[in-house]
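Morning, everyone. Please have the sequence and the model open, and follow along with me.

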Amino acid sequence: MSSGRLTIDLGAVCANWRALDTVTRAETAAVVKADAYGLGASRVARALATAGARTFFVANAEEGAALRQALGPGPTINVFSGHMSGDTDMIGDLDLVPMLNSLEQMIRHVESLPSHPFGVQLDTGMNRLGMEPQEWSAVREIMLQMSPRLIISHLACADEPNHIMNQEQLNVFKSITSDLNIPRSLANTGGILLGRQYDFDMTRPGIGLYGGHPFDEAQYVVTLDIPVVQCRDLEVDETVGYGNSFTATRPTRIATISAGYADGIMRAIAAGAMLFADGVACPIAGRISMDLIGVDITDLGEDPKDMRLLGAEQTVDDLADDAGTIGYEILTSLGSRYARRYIGI
Ligand SMILES: *Cc1c(COP(=O)(O)O)cnc(C)c1O
């Protein structure tokens, strides 16, 4: 038996994309890096292409190559990490568009694929990827002669609307690109929600498509149901799991479900998260093991076949709060042992 069933609602992904698309007048692209945040880039991107998305972003050329296989010719596939050494064949043969991040990448690109399209990523303060403003001003004129398709930059604090960094990055981006007649893109999901001055020509939502904060009006996308392996009765003072961290204070019924931290269910969620059966919330009993979790089903009054960890009752962001992390990490941690089922398309 697998570790459970991960149901991915592609209808909800498309609805979230459309909802973000209607917020702006810019083109809405889709960020499907890291296998679409763990949910399956081919299925997600094909659904989004049907919904109207024409431009996709991935982290590196390998992801771009796999995505091209899934999408076929037509949609634009942009690569955040640009043109790295060893990428030339993939970029050329599979029609990927690198977002060039440095003078070094620019030289590599023009020497190996002189007439192949590219974009430029500028650093406006995050200090992660992209050309610094000084570097950009030095190469700008040469670069512009080669007609970049797109100029992008990325916001460091977009999920904090009142953070002064947003306005500062916006000002830098405008000041180093305002005189250009080239499409520009600054906003991720959080950036779309900051206000219309962040729209430019294209937006790049990722997490919002998958139902995550800061797009709090999003439809939830992921449901995770985990099978029950066995159930048992405990007397008062009996304990459950490693380290005896749960002790029964009443006659207790425990269900053991077949998933654990090796499936991306972080140990840190044990104190706060619930498992649901027929909408009834049942607390986790004891520590989360590698492949198993004990659940206190005493108040349920019956033995369930499986229990739900993610869904309408408890979202990716709820689990992230329990674990002291972000929804992005919960999603991308969901392991490969689940049976994946796609619905809504
Ligand atoms: C991941 C990423 C995005 C998407 O960000 P979300 O917060 O998931 O919407 C957009 N642009 C860049 C450069 C990224 O790395």
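Helices and strands here are DSSP runs, numbered from the N terminus, with at least four residues for a helix and at least two for a strand. With that in hand, find Pro214. It sits in the loop between strand E10, residues 202-203, and strand E11, residues 222-234. What kind of peptide bond joins His213 and Pro214? A cis one, with omega at about 15 degrees. Keep in mind that this is a predicted model.

Now the overall picture. The chain has 345 residues, and 53% of them count as buried. It holds eleven helices and 19 strands. Along the principal axes, the C-alpha atoms fill a box of roughly 80 × 40 × 35 Å. The exposed surface comes to about 15,100 Å², and carbon and sulfur atoms supply 49% of that.

Next, contacts. Take those between residues at least 6 apart in sequence. Of these, 63% join residues at least 24 apart.

Charges, briefly. There are 26 positive side chains and 43 negative ones. The centres of the two sets lie 5 Å apart.

On to the rings. How many aromatic pairs does a search of the whole structure find? Four. Look at Phe57 with Phe80. Their ring centres are 5.0 Å apart and their planes meet at 15 degrees, so this pair counts as stacked. The cut-off for stacked is planes under 30 degrees apart. Where do the two residues sit? Phe57 is in strand E4, residues 55-58. Phe80 is in the loop between strand E5, 76-79, and helix H5, 88-93. The pair therefore ties together parts that are 23 residues apart in sequence. Both Phe57 and Phe80 are buried.

Phe57 has another partner. The charged end of Arg204 sits over the Phe57 ring, 6.0 Å from its centre. Elsewhere, ring pairs link Tyr37, Tyr210 and Tyr328 into a cluster.

Stay in the loop between E5 and H5. Ser81 is there too. Is Ser81 buried or exposed? Its relative accessible area is 15%, so Ser81 is buried. The cut-off for buried is under 20%. Which residues does Ser81 touch, leaving out those up to four places away in sequence? Ala59, Asn60, Met99, Asn101, Gln105 and Leu129.

Now helix H7, residues 133-145. Gln145 lies in this helix. Its relative accessibility is 67%, so Gln145 counts as exposed. Exposed means over 50%. Compare its position with Thr76. Gln145 and Thr76 are 69 residues apart in sequence, and their C-alpha atoms are 22 Å apart in space.

Move along to Ser147. This residue is in the loop between H7 and strand E8, residues 151-152. Ser147 is not a glycine, yet its phi is positive, at about 55 degrees. At 53% relative accessibility, Ser147 counts as exposed.

Asp278 also has a positive phi without being a glycine, with a value near 50 degrees. Find Asp278 in the loop between strand E15, 274-277, and strand E16, 280-283. Asp278 has a relative accessible area of 71%, so it is exposed.

Two last stops, both about residues that are separated along the chain. Begin with Pro161, in the loop between E8 and helix H8, residues 164-177. Pro161 is exposed, at 57% relative accessible area. How far apart in space are the C-alpha atoms of Pro161 and Leu194, 33 residues apart along the chain? The separation is 5.9 Å. Pro161 touches Leu194, and Asn166 as well, when residues up to four places away in sequence are not counted.

Then Gln230, in strand E11. That is the strand that follows the loop holding Pro214. Gln230 has 42% relative accessibility, so it counts as partly exposed. Gln230 and Thr256 are 26 residues apart in sequence, with 5.6 Å between their C-alpha atoms. Which residues does Gln230 contact, beyond its neighbours within four places in sequence? Ile254, Ala255 and Thr256.

To recap, three places to revisit on your own screens. One is the cis bond between His213 and Pro214. Another is the stacked pair of Phe57 and Phe80. The third is the cluster of Tyr37, Tyr210 and Tyr328. Thanks, everyone.

Terms used:
Residues numbered from 1 in each chain as written. Predicted model: local features only at pLDDT ≥ 70, side-chain atom pairs only at ≥ 80, totals over all residues. Heavy atoms only, no water. Buried < 20%, exposed > 50% of the residue type's maximum accessible area, 1.4 Å probe, protein only. Contact = heavy atoms within 4.5 Å. Areas by Shrake-Rupley, 256 points an atom, 1.4 Å probe, with all protein chains shown as cover. Lys, Arg positive; Asp, Glu negative; His and termini not counted. Charge placed at Lys NZ, Arg CZ, Asp CG, Glu CD. Phe/Tyr/Trp six-rings, centres within 6.5 Å; stacked < 30°, edge-to-face > 60°. Lys NZ or Arg CZ within 6 Å of the ring centre and 35° of its normal.
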